[in-house]
Amino acid sequence: MIDRRSFLGAAGATAAGLLLAGCGAAPALDPNRPAAAGGTLKFGSWQWLEPGRGEAMWQAIQAYTKANPSATLAQSTTPFLSFADKLNTELGGKGGPDIFVVQDVNFYPLADAGILAPLTSVIEAHKGNPFNHTNESGLVNGVQYGITWERLNWNFFWNRQILEKADVAPPTNVEGLIAAASQIRSATGLDGFGVRHQMTEFDSWFMDFDVWTYGFGGSWSDGSRPTIDSAENIAGVEAFGEIYRSGAMPIGDDASTMRTKFREGRLGMMIDVSSTVAGILRSSKALTSADIGFADRIPLPKPSAHQEIVLAVNGYGKNKNLAVDFVGWVGSDEGQAALRAAMGPSTLATNVPLAPDYAAANPWAKAFIDLAEESRSPLIKGFEPQTKAIMREVMTQVERYLVDGGDAATALSTAQKQVTQLLG
Amino acid sequence: MSLRTSISPPTGVQDQIQDAPSRHHMWQRISPYIYVGPAVIYLIVFMIIPVVQGIQLSFTKTPLVKPDGGTGVGLENYSRLLSSPQFYNSLGATILYTAATVLFAVLVGAGAALLLNQSFKGRTIVRAVITFPWAVPTVATALIFSWIFNRSDGVLNEVVGVLGVGQQGWLVDPKFGMAAVVLTSVWKVMPLVMLVVLASLQSIPSELYEATRMDGAGALETFKAVTWPHIAPTVRVVTLLMTIWSIRRFEIIYLLTGGGPVDSTNTLVVNVYRQAFSNQELGRAAAIGALGLVLSLLVTVVYFMIERRNAVKEA
């Protein structure tokens, strides 16, 4: 039988052992270790979870391990909704994956805080097809901290079968869009038009919403002060309010539900990004690519918005040279060609054409890609790190206008005051 | 030489025998600390240090991505908060949510316990079914209720449609947002109240009920004279716990409404999350958390004051 003394002794030894084990650090890699020495790179992305597309992307980047056989890649996966929060928390704790992709609104504060590794050497050593203008999103305070993983452009598309059944011509302006959506609802009983509209999806909705204000030529700042209540922004909010109140939108549906409805042939028209169309077609039994009608641009007077996903290297990573080498490979002709097949209708870091058979089978894809020439970032000029905080105030007032009524000018005037107070 | 001396053990053994009581005494003195030690260490490491650090953080401007790179700003976070209408809106939403959730959860839970304390056929099955919501994971609860409340396809709108009421935006209209969140929360937490009160009801001696019956007391008199005095302390404790849990509840609210519509459910905890992760302002989030802590402490102090007053009355 164990006496008290033995028990306490054993417990103390166990606790001390555990403490020592906990305090003992894993052997650290030399931060100057050359890329040729290889190792494992942990690659953080929510996209690995995307059915079909995630697997294709993962297979595409495995080509890097042929170029550098001493390197291996490992996934670090978090669902999209919590990806940025988790990544920020990990980086705040000086941890996190070696390389990761992140939306530009989340990328900018990280680069601005100086916790990403500079990619100047990647730009300087780059050969072959030149980097296109989308890579300016990776340039922060004059230093290249990221390159374009993909740029997803918002565009307008529809289900040809539903529009034909409702005897509706594809609309070319907001009034036409409202009329078409209402006609689809009355003729078929289906939802006419779907787009994000709820604060529960704030992280995506605030970027999605730029389609409307940018579409009327609006901006959230002039570079030195907020311009929330500008006439152009008010026009964009009013246009959105009209379609929201038209009765032809599935109010309360989140993006996932609307995409499912479109996929199942229960929603007539949508404004969404290119990867959505690709995802819908990949999993739809009701639709083929030929059923997708598409516009050259969103039926609004001015160019629209994009969502840019940037590839970056963790400044706290233990194998930074290898990570930078990987980014260089992604930008190379070989890496871009491998990614093009997996990414489908996205704009990449260099202008890589779609494969002829893919382009022929998916005529809508090129229209989405071409929009990158004129699309605009959701980052607010002059206040880039505060973009999300500013947009939280703006979207709260937009939501108030949508559900409580009133006028858009008052809503944006209130947001202007709140944003001014927020920025001190 | 006395007999006692003659049978004394050798010196070493004698020392051991003399040492034994002192060791026993020593063990008695230190053992409580050893038993309590792990709990104290746990509280210090996981509660007290984080609370102190959180309060320290609330006096700084600290970005989420550089938590060790904060700069001291004194009381600026607090002065900004206390001069911001959003903060008072958030405080109001917290108080409204907490009051409504606790009130309905305790009323419905205690009522259900009183009913399920009666004898009837199938009582065990009914008890098990009513306990079910407590066992459902919170995320699943929020997901199911978001479907129920969905404006275009939700079951609730089907039901009210039959009653002649038009489609309502339960989760998108600020008139209904708080009600939807409270309803979901009450459904989820009510079974716990029921179980606790039911356990208390079952501890009441049946002789007391027989005595009141013999005295000719009706149901209401019996409840006032026997049932309530027995379950009142339990109801008070469960009310306190429900209040503290409701002040800090996050998942149901965030998953159903994200703090909307129009900030109508933007409670302090949701606000902390927004400030910390969306706005990446750890200092401001910590200041909201500190004020939330004060609110929880106030509730606890009020509870103990009521308890002390009752104890004095009973004495």
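Two residues are in contact if their C-beta atoms, placed from the backbone, lie within 7 Å. This is a predicted model, in which local features need pLDDT of at least 70 and side-chain atom pairs count only at pLDDT 80 or more, while totals for chains, interfaces and linings use all residues. Residues are numbered from 1 along each chain as its sequence is written, and chains are lettered from A and ligands numbered from 1 in the order in which they are written.

**Exercise 1.** Find which residues A:A181 is in contact with, leaving aside its neighbours within four places in sequence, and then look at the core around it.

*Solution.* Start with the partners: A:G192, A:F193, A:I243, A:S246, A:A248, A:M249, A:G268 and A:M269.

Next, the core. A residue is buried if 20 or more other C-beta atoms lie within 10 Å of its own, exposed if 12 or fewer, and partly exposed in between. A nonpolar core is a set of buried Ala, Val, Leu, Ile, Met, Phe, Trp, Tyr and Cys residues joined through C-beta atoms within 7 Å. The largest such core has 167 residues, and A:A181, A:V327 and B:V193 have the most contacts inside it. Helix α8 (residues 174-201) of chain B gives the most to this core, with eleven residues. Another core, of five residues, lies apart from it and includes A:A365 and A:L371.

**Exercise 2.** Work out how α9(A) and α10(A) cross.

*Solution.* Helices here are DSSP runs (H or I, at least four residues), numbered from the N terminus. The axes of α9 (residues 202-215) and α10 (residues 231-244) of chain A come within 7 Å and cross at roughly 120°. α9(A) is therefore oblique to α10(A); angles under 35 degrees count as roughly parallel, over 145 as roughly antiparallel, 65 to 115 as roughly perpendicular and the rest as oblique. From α9(A), the contact uses A:W212, A:T213 and A:G215, and the residues from α10(A) include A:E232 and A:F240.

**Exercise 3.** Walk along the loop between α11 and α12 of chain B, looking at the backbone of B:P261, B:V262 and B:D263.

*Solution.* First, the peptide bond from B:G260 to B:P261 is cis, with omega near -10°. Then comes B:V262, whose phi is near 50°, a positive value in a residue other than glycine. B:V262 counts as buried because it has 24 C-beta neighbours inside 10 Å. Last, B:D263 has a positive phi too, near 65°, and is buried, with 24 other C-beta atoms within 10 Å.

Note on methods: Axes are lines fitted to C-alpha atoms, for helices over the stretch in contact, and angles run from 0 to 180 degrees between N-to-C directions. Helices (H or I, at least four residues) and strands (E, at least two) are DSSP runs, numbered from the N terminus.
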